[in-house]
Amino acid sequence: MAWNIVIAGGGFGGLEAARRLERKLPHNSAQVTLVSDQNFMLYTPLLPGAAAGTLEPRHAVVPLREQLHHTHLRLGAVTGADPAAKVLNVTTGDGRQQELPYDHLIVAVGSVSRTLPIPGLAEHAVGMKTLPEAIALRNRLLQSLEVAEGIDDPADRAEWLTFVFVGAGYAGLEGLAELQDFATDLLDRYPRCRDQGVRFVLVEARDRVMPEIPASLADFAVRELKARGIEIRTGTTIDAMTADTATLAGGEVLPCRTVVWTAGVKPSPVVKSLGVPLDDRSGRIVVDRALRVKGVPGVWAIGDAAHVPDPLDLERPAPPTAQHAIRQGRKVADNVILTLSDRKPRQFTYKTLGVFVDLGRGKAVASTVGLRWRGVPAWFIARTYHLGSMPGTTRKIRLVADWTVGLFFGRDGSELGRLGHPGRLDAPDEIAFGGAGADADADDASTPPEGEPASTAPAPEATDEDAQAAPRVNASGD
Ligand SMILES: Cc1cc2nc3c(=O)[nH]c(=O)nc-3n(C[C@H](O)[C@H](O)[C@H](O)COP(=O)(O)OP(=O)(O)OC[C@H]3O[C@@H](n4cnc5c(N)ncnc54)[C@H](O)[C@@H]3O)c2cc1C
């Protein structure tokens, strides 16, 4: 093999780059290795559906080995790099440290939730960025209904029936809409909760929701959600939270047991250890228009982790969306191939083809090549688009099957938070019911099963270093 190409991260950008290299590299001209801390790509637009039970969580992911035929998949966490020696440092699932030499390195490690120093946030809020978080949210909703149904005092019950979402981007708006839809579907099975009703509140610091879509579509989405009884508080921030309250700026206290934090992302913490220049404001890796990392030969960066000049406004970074990551994945593969044959790499150009925001209940808003869609047609276009974008025929079929079953038979309301986490053989009941029923302010709560909400088992926020050192090898999340 003449060349060694290493890709760090197997999400939208990394997987697309690997697939393109497989297709376009001359036969046996290079060895391509993809390093990822999980053996699947998470198709994030389906995350709200996984949380709301419209599809099986496993069907929101694409197993990397199903898609890659010649690429070597190395499961492990990237922990650092030495660009001068051209090696990438990796910690494998069993804790071994390895050094991977490369001629070209493509960094595609994506992003993580961006937290703020808000009292109680790290301990009590749930994210909506990973599969375990989506499943935790689903379990939390079901546990809350179960607990609320057993409470006599309506004021105490209301706490368990109130869900606050912070941040009105893709994850917040779609997550809120889908979860509220799920909750109202389930209410018929919980008579006391049904009589009282559930309360969903969306808190957004900016003065409008979804800046990614045209204002007229955002207004439609707001009207649709308000008609369902959802409270939308724009121009509002959250000041503090505890296990059973969220305090808004201005002092209003919302009694609630679930706060979902979807207020932005930041690059994966490992970018700080790669010896590459980072943008002062966003912390993303600075690349030129051809996706080359500035001043570091042989290193390229794409997707949410990179500050790629937006072709429409070179002063700003391209938006952190899957659409951009996929196109950058293709472009970086082409550019690596051009560079290997001593040709000049080309600039990244891309204009967003369309945006879709699923609102649950068979409704959505969409904007596609100049046309705007609302309601059922937009929902149909959105589902068709995601079906087309989901890699692999078998994955598409699984998705259609889930959606079809859901349409005819409704959603499953069983809460399987302990799935894959049995108690010890000699103490099978060690893990208390679900977790929501456990005293939320118990300080000594033990490590929760995967998918359990953090507020019922407080855990300190992982540091950047922890995040790098602990690979999430093959965490399927359910
Ligand atoms: C709920 C939700 C809904 C969304 N909906 C849309 C949508 O409808 N349309 C749209 O365009 N965008 C959407 N997005 C945004 C989109 O998901 C991201 O922009 C996209 O995933 C970025 O792709 P990426 O390749 O940069 O990163 P990712 O797809 O996140 O991939 C990064 C990969 O790197 C791995 N990784 C990270 N750190 C390490 C490490 N140290 N070692 C090894 N591997 C590592 C990760 O596990 C992951 O597999 C949504 C996001 C969310 C959270």
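The following questions and answers go through some strands and helices of this predicted model.

Student: In the sheet of β24, β25 and β26, which strands are the edge strands?

Tutor: These three strands form an open sheet in the order β24-β25-β26, with antiparallel pairing. An edge strand here pairs on one side only, and that holds for the strand at 354–358 and for the strand at 371–374. The edge strands are therefore, counting a pair as at least two bridges, β24 and β26.

Student: In β26, which residue is the bridge partner of Ala 366?

Tutor: Strand β25, which covers residues 364–368, runs antiparallel to β26 and is joined to it by four bridges. The bridge partner that Ala 366 finds in β26 is Trp 373.

Student: At about what angle to β25 does helix α11 run?

Tutor: Helix α11, made of residues 375–389, lies across β24, β25 and β26. Within that sheet the twist averages 5 degrees from one strand to the next. Relative to β25, the helix runs at about 70 degrees.

Student: Why is one side of β14 and of β16 left without a neighbour in the sheet?

Tutor: The strands form an open sheet in the order β14-β15-β16, and their pairing is antiparallel. Because β14 (238–241) and β16 (253–255) stand at the edges, what each of them has is a single partner strand.

Student: In β15, which residue is the bridge partner of Met 241?

Tutor: Strand β15, residues 245–248, runs antiparallel to β14, and three bridges join the two. The partner of Met 241 across this pairing, lying in β15, is Ala 246.

Student: Which residue in the turn between β6 and β7 has a positive phi?

Tutor: Strand β6 (residues 87–92) and strand β7 (residues 97–101) run antiparallel and are joined by five bridges, and Thr 91 stands opposite Gln 97 in β7. The two strands form a hairpin with four residues between them, and the turn residue whose phi is positive, at about 90 degrees, is Gly 95.

Student: How far does helix α1 reach from its first C-alpha to its last?

Tutor: Helix α1 spans residues 12–24 and has 13 residues. At 1.5 Å a residue, the reach is close to the expected value, and from the first C-alpha to the last it comes to 18 Å.

Student: Against which helices and strands do the buried residues of α1 pack?

Tutor: The buried residues of α1 include Phe 12, Leu 15, Glu 16 and Leu 21, where a buried residue has 20 or more other C-beta atoms within 10 Å of its own. The elements that the buried residues of α1 pack against are β1, β2, β3, α3, β8 and α10.

Conventions:
Residues are numbered from 1 along each chain as its sequence is written. This is a predicted model: local features need pLDDT of at least 70, side-chain atom pairs count only at pLDDT 80 or more; totals for chains, interfaces and linings use all residues. Axes are lines fitted to C-alpha atoms, for helices over the stretch in contact, and angles run from 0 to 180 degrees between N-to-C directions. Two residues are in contact if their C-beta atoms, placed from the backbone, lie within 7 Å. The expected span of a helix is 1.5 Å times one less than its number of residues. A residue is buried if 20 or more other C-beta atoms lie within 10 Å of its own, exposed if 12 or fewer, and partly exposed in between; C-beta atoms are placed from the backbone.
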